[in-house]
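Colleague: Please take me through one part of this model in detail, with enough of the surroundings to place it.

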Amino acid sequence: MASTNQTPTKKNPKKANLLDHHSIKNLLDESVTEIVTSKGYPEDVRLSNVRLLIGTIIIAIALVAQFYKKEFPANRDFLIGCIVLYPFLFF
């Protein structure tokens, strides 16, 4: 039998504040991402990009509704249209 005396590569251990659950979640997410990408799987960020695009469109609609040239009674139909568009873009 051949002995396999491989010395493990020492990495700097990552540290997280144990009282901060966001810090722990970020550390776990980074660790899982490193493990999965080291196995040869590419990281797919298409869903995140789509969510960012939809969020940008929703913010643009909200800005247009906020700074529309007419005052409230005159722009009522426009505001209703913006409100109706929101759920269809959000979900």
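**Helix H2 and its setting**

Modeller: The protein chain exposes about 9,000 Å², of which carbon and sulfur atoms supply 64%. This is a predicted model, and the part chosen here is helix H2, residues 46-66. Of the 91 residues of the protein chain, 7% count as buried. The secondary structure comes to three helices and zero strands, and the order of elements from the N terminus is α-α-α.

Helix H2 has 21 residues. From its first C-alpha to its last it reaches 30 Å, close to the 30 Å expected at 1.5 Å a residue. Its buried residues are Ile-58, Ile-61 and Ala-65. Seen down the axis of H2, these buried residues fall within an arc of 60 degrees, so they line one face of the helix. An α-helix has 3.6 residues a turn, so residues three or four places apart point the same way. The face of H2 turned away from the buried side carries exposed residues, namely Leu-52, Leu-53, Thr-56, Ile-59 and Gln-66.

The record bears on this stretch as well. UniProt, in an unreviewed entry, lists residues 50-68 as "transmembrane region". In the model, that span is 89% helix and 0% strand, and its end C-alpha atoms lie 27 Å apart.

At the start of H2, Arg-46 forms a salt bridge with Asp-44. The closest N and O atoms of this pair are 3.0 Å apart, and both residues are exposed. The structure holds two salt bridges. The other joins the side chains of Asp-29 and Lys-25, with 2.6 Å from N to O. Asp-29 and Lys-25 are four residues apart in helix H1 (residues 21-38), and therefore separated by about one helical turn. Neither partner reaches the cut-off for exposed, which is over 50% relative accessible area: Asp-29 is partly exposed at 37%, and Lys-25 is partly exposed at 48%.

Helix H1 can be checked for length in the manner used for H2. Its 18 residues should span 26 Å at 1.5 Å a residue, and its end C-alpha atoms are 26 Å apart, which agrees. Leu-28 also lies in H1. With a relative accessibility of 53%, Leu-28 counts as exposed. The C-alpha atom of Leu-28 is separated by 9.9 Å from that of Lys-14, a residue 14 places away along the chain.

Val-32 is found in H1 too, and it belongs to a nonpolar patch on the surface together with Val-36 and Tyr-41. The three residues of the patch have about 300 Å² of accessible area together. After H1 comes Gly-40, whose phi is positive, near 100 degrees.

To return to H2, the helix has a buried side made up of Ile-58, Ile-61 and Ala-65, while Leu-52, Leu-53, Thr-56, Ile-59 and Gln-66 are exposed on the face turned away from it. Accessibility here counts protein chains only, and the "transmembrane region" label for residues 50-68 comes from the UniProt entry.

Methods:
Residues are numbered from 1 along each chain as its sequence is written. This is a predicted model: local features need pLDDT of at least 70, side-chain atom pairs count only at pLDDT 80 or more; totals for chains, interfaces and linings use all residues. Side-chain values use heavy atoms; hydrogens and water are left out. A salt bridge is a side-chain nitrogen of Lys or Arg within 4 Å of a carboxyl oxygen of Asp or Glu. Helices (H or I, at least four residues) and strands (E, at least two) are DSSP runs, numbered from the N terminus. Buried means under 20% relative accessible area, exposed over 50%, partly exposed in between (1.4 Å probe, protein chains only). UniProt positions are given in the numbering used here, feature names are shortened, and annotations may be inferred rather than shown by experiment. The expected span of a helix is 1.5 Å times one less than its number of residues. Patches are made of residues with over 30% relative accessible area and no salt bridge: like charges are joined within 9 Å, nonpolar side chains (Val, Leu, Ile, Met, Phe, Trp, Tyr) within 5 Å. Accessible areas come from the Shrake-Rupley method with a 1.4 Å probe; for residues, only the protein chains shown count as cover. The arc is that of the directions from the helix axis to the C-beta atoms.
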